[in-house]
Structure formats: C-alpha cells, structure tokens
Amino acid sequence: MRFSIPRYWRERQTYYRLKAAKCLDCGRVVYPYNDRCRLCGSTRVEEVELLNERAVLLTYTVIYSAAEGFEDKRPVVIGIVETTESKARLLTRITDVDVSELKTGMLLEPVLRRVNEDGESGLIYYLVSYRPVVK
C-alpha cells in the first residue's frame with residue numbers, strides 16, 4: 001500500500017501534534033482540525049493541541065484479520081477515547097497493551113508509533129496512538 005507523500009506532509013500537524021479545533025461559540029473541541037464547528041456551524045474556531053492530554057477509553061474493538069503485508073501487526077486495537085481536559089473524542093489505535101487487559105474507562109496517554117514505510121529507503125510513517133498510562 002502506498003501513501004501520498006504530499007498529502008502526508010500536508011497533514012503532518014494533525015498526525016503528529018493532534019491538532020484540533022475549539023469552537024469559540026459553543027466551546028466544543030473537535031479532532032481533526034476543521035475551520036467550522038461540527039456542532040453549531042460557527043467559523044469562530046481556534047487551534048488547540050491535544051498531544052499533552054491523557055484520555056479515557058470509551059469503547060474499543062479488536063481486529064484479528066489483516067491486509068496483506070500487515071500480518072505482523074495483529075491484533076489491531078481501535079478505540080474511541082475522550083481527552084481528559086478538552087473532552088475531545090478521537091478514533092485511534094490503542095497500542096502497548098495485552099488485549100485481555102483492555103477495559104473501558106482505563107486511562108491512556110498519547111505515544112508516537114511507526115505504522116508503515118515505503119520500502120527500505122522510502123518514507124517512514126508515524127502516527128499518534130494511545131497506550132495505558134505508564135506509572
């Protein structure tokens with residue numbers, strides 16, 4: 001699977017800093033960043049960064065099947081998390097956890113993880129995922 005390098009670099013702020021938008025009218029924080037509030041439609045938004053916020057796991061699913069070339073990444077855990085301060089909700093990968101230890105309500109922290117690469121000398125792709133808080 002090949003990614004679009006220009007698109008990847010254009011969206012790197014969203015991928016690496018968890019760039020979100022806070023509506024100045026209703027106060028809602030949405031990820032990924034959008035120039036218009038998805039709740040009230042206001043265009044009065046400001047950029048906020050979610051990278052330093054912990055999150056609570058609201059729900060999750062475990063995927064045991066994998067596309068060709070991604071078999072070594074099984075199982076994949078995808079979850080919906082809510083950040084503890086801004087209350088933004090994100091659909092994200094949950095990593096560094098045994099599937100049997102997963103539970104809703106667990107506290108998570110963001111972490112940068114390698115997800116793919118374009119061959120041995122190609123671009124390496126990273127995304128922010130969430131893991132259980134390391135004590």
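Which residue forms a salt bridge with Glu109? In this predicted model, the partner is Arg131, and the closest N and O atoms of the pair are 2.9 Å apart. The two residues belong to distant parts of the chain, with Arg131 in strand β8 (residues 124–132) and Glu109 in strand β7 (residues 107–117), 22 residues apart. Arg131 counts as partly exposed because its relative accessibility is 22%, whereas Glu109, at 13% relative accessibility, counts as buried. The two assignments follow from the cut-off, since buried means under 20% relative accessible area. The pair also belongs to a network in which Asp96, Glu109, Arg113 and Arg131 are joined by salt bridges that share partners.

The structure holds six salt bridges. Side chains of opposite charge can pair when their charged atoms come close. A further pair consists of Asp25 and Arg44, whose side chains meet with an N to O distance of 2.9 Å. Asp25 is found in the loop between β1 (19–23) and β2 (29–30), and Arg44 in the loop between β2 and β3 (45–49), so this salt bridge ties together parts that are 19 residues apart in sequence. Both partners are partly exposed: the relative accessible area is 48% for Asp25 and 44% for Arg44. A salt bridge is likewise formed by the side chains of Glu82 and Arg89, at 3.1 Å from N to O.

Attention turns next to a residue without charge. Thr83 lies in strand β5, which spans residues 76–83. With a relative accessible area of 0%, Thr83 is buried. When residues up to four places away in sequence are not counted, Thr83 touches Leu50, Glu53, Arg54, Ala55, Ala88, Leu90 and Tyr130. One of these contacts, Tyr130, is a residue of strand β8 (residues 124–132), the strand that also holds Arg131. Another, Ala55, falls within strand β4 (residues 55–63).

The surface was examined as well. Leu58, Ile80 and Leu91 make a nonpolar surface patch of about 260 Å². Of these residues, Leu58 has its place in strand β4, which covers residues 55–63. Leu58 counts as partly exposed because its relative accessibility is 32%. Ile80, a second member of the patch, falls within strand β5 (residues 76–83), the strand in which the buried Thr83 lies. Strand β5 thus contains a residue of the nonpolar surface patch as well as a residue with a relative accessible area of 0%.

Conventions. Residues numbered from 1 in each chain as written. Predicted model: local features only at pLDDT ≥ 70, side-chain atom pairs only at ≥ 80, totals over all residues. Heavy atoms only, no water. Patch = residues over 30% accessible without salt bridge, like charges linked within 9 Å, V, L, I, M, F, W, Y side chains within 5 Å. Areas by Shrake-Rupley, 256 points an atom, 1.4 Å probe, with all protein chains shown as cover. Salt bridge = Lys/Arg side-chain N within 4 Å of Asp/Glu carboxyl O. Helix = DSSP H or I, 4+ residues; strand = E, 2+ residues; numbered from the N terminus. Buried < 20%, exposed > 50% of the residue type's maximum accessible area, 1.4 Å probe, protein only. Contact = heavy atoms within 4.5 Å.
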